[in-house]
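Let's take a walk through this model, one helix at a time. Keep the viewer open and follow along.

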Amino acid sequence: LLARASLRVEEKNLSEAAADYKNSLAIARQEKNPVLEATALGDLGWLATHQEHYGEAIDWNQAALQLSRSLRMKSSSATILGNIAWNYSELGDFEAALNFFQQSAAESERSGLTGDIAYWFTGIANAQLALHDYAAAESIARQTLERARRIDNTRAPVPHR
């Protein structure tokens with residue numbers, strides 16, 4: 001169901017994707033599979049972001065984050081934190097975005113997710129720019145560029161799964 005839902009998102013069949021994600025969540029809960037449940041919750045957050053339903057995405061992601069943390073799914077937690085930050089940024093709440101981008105970068109670093117760190121540090125710099133903290137934004141942007149060059153990361157920061 002999760003794979004089919006992801007395919008349906010790519011095909012722009014969003015209502016069918018939502019139904020598959022929700023069915024997957026129901027099955028995960030029925031079968032008492034918390035890893036699958038956390039994944040389905042995060043995927044529902046990703047879908048809501050894709051639909052530009054940022055507040056709803058934050059809600060789904062907060063539920064996914066709570067479960068991921070309880071299961072010590074560090075890489076999932078790092079991604080979810082970053083996706084929450086992205087949603088807050090899209091809502092214009094740059095203080096909250098900055099907080100979640102910082103948490104995501106720290107969690108990514110602890111988990112060894114070097115490619116993702118560049119994503120989240122770019123988000124930190126963008127949030128600082130939006131908050132008119134230009135010196136901090138420039139400093140973190142320079143550090144991020146150097147990190148990205150060291151790992152040859154040219155991807156732009158976007159919410160991801």
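**Following the helices**

Right after H6 comes Gly112, with a positive phi near 80 degrees. Before going on, some ground rules: this is a predicted model, where local features need pLDDT of at least 70 and side-chain atom pairs count only at pLDDT 80 or more, while totals for chains, interfaces and linings use all residues. Residues are numbered from 1 along each chain as its sequence is written, and side-chain values use heavy atoms, with hydrogens and water left out. Helix labels such as H6 come from DSSP runs (H or I, at least four residues; strands are E, at least two), numbered from the N terminus.

H6 itself has 18 residues and reaches 25 Å from its first C-alpha to its last, close to the 26 Å expected at 1.5 Å a residue. That expected span is 1.5 Å times one less than the number of residues. Its buried residues are Ala96, Ala97, Leu98, Phe100, Phe101, Ser104, Ala105, Glu107 and Ser108. Here buried means under 20% relative accessible area, exposed means over 50%, and partly exposed is in between (1.4 Å probe, protein chains only). The cover over the buried residues of H6 includes H4, H5 and H7; contact, here and below, means heavy atoms within 4.5 Å.

Step back to H5, which also has 18 residues. H5 reaches 26 Å from first C-alpha to last, close to the expected 26 Å. Its buried residues include Ser77, Leu81, Asn83 and Tyr88, and H3, H4, H6 and H7 are among what covers the buried part of H5. After H5 comes Gly92, again with a positive phi, this one near 85 degrees.

Tyr88 deserves a click. Leaving out residues up to four places away in sequence, Tyr88 touches Ile58, Asp93, Ala96, Ala97 and Phe100. Zoom out to the largest nonpolar core, a set of buried Ala, Val, Leu, Ile, Met, Phe, Trp, Tyr and Cys residues joined through side-chain atoms within 4.5 Å. It has 37 residues, and Tyr21, Tyr88 and Ile124 touch the most other members. The elements giving two or more residues to this core are H1 (2-10), H2 (14-30), H3 (34-50), H4 (54-70), H5 (74-91), H6 (94-111) and H7 (114-130). H7 provides the largest share, 7 residues.

Now for the start of the chain. H1 and H2 pack at about 160 degrees, with axes 8 Å apart. Because angles over 145 degrees count as roughly antiparallel, that is the label for this pair. Among the contacting residues are Leu2, Ala5 and Val9 of H1 and Leu14, Ala17 and Tyr21 of H2.

What about the loops? Lys12, in the loop between H1 and H2, has a positive phi near 70 degrees although it isn't glycine. Glu52 sits in the loop between H3 and H4, with a positive phi near 65 degrees. Most residues other than glycine have a negative phi. Lys12 counts as exposed because its relative accessibility is 57%, and Glu52 counts as exposed at 57% too.

Finish in H8 (residues 134-151), where you'll find Thr144. Is Thr144 buried or exposed? Thr144 counts as buried, because its relative accessibility is 5%. Beyond neighbours within four places in sequence, Thr144 is in contact with Ala118, Phe121 and Thr122. Leu145, also in H8, counts as partly exposed at 42%.

Key. Axes are lines fitted to C-alpha atoms, for helices over the stretch in contact, and angles run from 0 to 180 degrees between N-to-C directions. Angles under 35 degrees count as roughly parallel, over 145 as roughly antiparallel, 65 to 115 as roughly perpendicular and the rest as oblique.
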